[in-house]
Amino acid sequence: MDEHNQKPELYDLLPLTLQGLPLKRRRFLKTSALAGLGALSGTFWAMPANAGEGKKDDRKFIAEAAYYEKLQHKQVRCKLCPRHCVIDDRERGYCGVRENRNGTYYTLVYSRPCTYHVDPIEKKPLFHFLPATLAFSIATAGCNLNCKFCQNWQISQVTPEQVPSIYLPPDGVAEAAKKYHCPSIAYTYNEPTIFFEYMRDTARAGHEQGVKSVVISAAYIEQEPIRELAEEVDAIKVDLKAFSDTYYKDIVRGELKPVLDALVSIKKSGVWNEIVYLVVPTLNDSDQEIKGLVKWINQNLGPDVPIHFTRFYPQYLLKNLPPTPVSTLERCKAIADAEGLHYVYIGNVPGHPAESTYCPHCGKKIITRNGFVVSDIFIVNGRCKFCGTPIPGVWKE
Ligand code: SF4
């Protein structure tokens with residue numbers, strides 16, 4: 001299962017606070033979980049005494065926003081994502097985590113994750129990035145999109161005050177990643193664009209400690225910040241939601257073109273990139289749309305960008321559709337294969353042969369996967385062990 005659409009019963013990978021437990025119970029479990037983590041690792045960050053109580057001094061969680069301009073009458077215009085929100089004094093932008101205070105614009109989620117977890121990198125999914133390793137994964141509240149199928153709506157569609165959080169500054173994230181044997185930090189679960197400053201500084205702190213960073217994003221972001229981000233991180237996985245403006249407008253409340261532009265910038269930057277396409281029955285699964293999608297990828301990004309066609313499960317506001325038939329995913333893969341893309345995967349179907357990686361030259365299986373489990377890797381020095389063909393990706397820590 002990838003992170004953006006999986007069966008509800010697999011919520012065990014989400015924080016306990018998100019599972020509809022009564023507040024007192026949630027607090028108890030959260031405290032227990034944190035205590036357990038500390039006992040395993042020793043103290044590696046300073047958690048405020050009132051973490052999770054919603055009464056914390058918010059001054060330690062705010063930082064001036066990176067991309068905005070000041071306007072007249074104490075208004076500001078945010079330039080982080082294509083929404084370009086214009087915000088009055090004491091108001092917030094669409095994502096709910098950025099606030100105008102007396103004409104200066106602030107992020108309210110700096111060092112303020114509401115969840116963290118150690119995940120297999122395959123869960124992101126990133127299949128050509130340090131396979132069979134772990135990623136220390138963090139998220140905050142908020143999002144700049146409203147996907148009707150969002151798996152993590154309990155954190156993405158709320159403000160920072162509506163979900164418990166902890167104080168975890170950038171160097172604390174890097175230190176935690178090292179303590180839990182994670183060669184990478186993942187910014188994930190919600191849309192990390194909206195905690196851009198925290199992500200950027202954490203990536204820098206990670207590199208100082210020898211830890212890489214991977215971004216799991218819908219890439220609904222402006223050009224300048226995506227270019228800056230691409231300089232700071234080691235991989236960006238983009239959820240390309242559809243290949244139509246209508247779907248972006250109706251199902252996720254965004255736009256397609258800025259996402260395509262971001263993908264081109266990511267490609268130009270040279271940072272490792274993979275694409276996930278969640279195939280939603282009847283909404284974005286036509287032959288015509290998939291053909292347009294894979295042709296655009298081939299022409300603009302090249303055939304080596306891995307694309308994952310993943311299975312949709314009904315949830316959140318989109319419960320009226322069935323799970324994606326496996327035959328539909330196989331049809332999408334066949335279209336991408338026919339276009340000449342080299343690494344076409346099927347996701348959220350554990351045990352499917354298209355979870356594994358095959359050398360595009362000799363056809364041999366070079367990484368064997370079953371769900372998140374990797375059993376064999378036949379890549380040596382970035383090349384197929386059988387025929388020596390270079391396999392694109394990040395293979396060494
Ligand atoms: S990042 Fe948030 S405040 Fe800024 S433009 Fe996007 S939605 Fe609006």
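**Notes on the predicted model**

1. Asparagine 284 sits in the loop that runs between β12 (272-279) and α8 (287-300). This is a predicted model. Despite the loop setting, asparagine 284 is buried, because its relative accessible area is 0%, under the 20% cut-off. Its side chain reaches the backbone oxygen of lysine 241 at 2.9 Å.

2. What does asparagine 284 touch, not counting residues up to four places away in sequence? The list is Lys241, Ala242, Tyr247, Tyr277, Leu278, Val279, Glu289 and Ile290. Lys241 thus appears there as a contact and also supplies the backbone oxygen noted above. Tyr247 belongs to helix α6, the subject of the next point.

3. Helix α6 spans residues 245-252. Which of its residues are buried? They are Tyr247, Tyr248, Ile251 and Val252. These residues cover an arc of only 100° around the axis, so they lie on the same side of α6. The face turned away from that buried side carries the exposed residues Asp245, Thr246 and Lys249.

4. The buried residues of α6 pack against two elements: β11 (235-239) and α7 (256-269). Arginine 253 follows α6, and its phi is positive, near 60°. Check this residue in the viewer when tracing the chain past the helix.

5. The ligand is surrounded by Cys78, Leu80, Cys81, Arg83, His84, Cys85, Gly93, Tyr94, Cys95, Tyr105 and Asn144. By class, this shell has seven nonpolar, three polar and one charged residues. Cysteines in the shell include Cys78, Cys81, Cys85 and Cys95.

6. How many disulfides does the model have? The count comes to zero. A disulfide is a covalent bond between the sulfur atoms of two cysteines. Cysteine 95, from the ligand shell, is buried, with a relative accessible area of 12%. Cysteine 182 counts as buried too, because its relative accessibility is 4%.

7. Lysine 364 is found in the loop between β15 (357-358) and β16 (365-370). Is lysine 364 buried or exposed? Neither label fits: at 42% relative accessibility, lysine 364 counts as partly exposed, since that class lies between 20% and 50%.

8. Leaving aside neighbours within four places in sequence, lysine 364 is in contact with Thr357, Tyr358, Cys359 and Phe386. Thr357 and Tyr358 are the residues of β15. Lysine 364 and phenylalanine 378 are 14 residues apart in sequence. In space, their C-alpha atoms are 9.3 Å apart.

Conventions
Residues are numbered from 1 along each chain as its sequence is written. This is a predicted model: local features need pLDDT of at least 70, side-chain atom pairs count only at pLDDT 80 or more; totals for chains, interfaces and linings use all residues. Side-chain values use heavy atoms; hydrogens and water are left out. Helices (H or I, at least four residues) and strands (E, at least two) are DSSP runs, numbered from the N terminus. Buried means under 20% relative accessible area, exposed over 50%, partly exposed in between (1.4 Å probe, protein chains only). Contact means heavy atoms within 4.5 Å. The arc is that of the directions from the helix axis to the C-beta atoms. A polar contact is a pair of N or O atoms within 3.5 Å; within protein, one must be able to donate a hydrogen and the other to accept it, and residues adjacent in sequence count only if both atoms are side-chain atoms. A residue is near a molecule or strand if one of its heavy atoms lies within 4 Å of it. Ala, Val, Leu, Ile, Met, Phe, Trp, Tyr, Cys and Pro count as nonpolar, Asp, Glu, Lys and Arg as charged, and the others, Gly among them, as polar. A disulfide is a pair of cysteine sulfur atoms within 2.5 Å.
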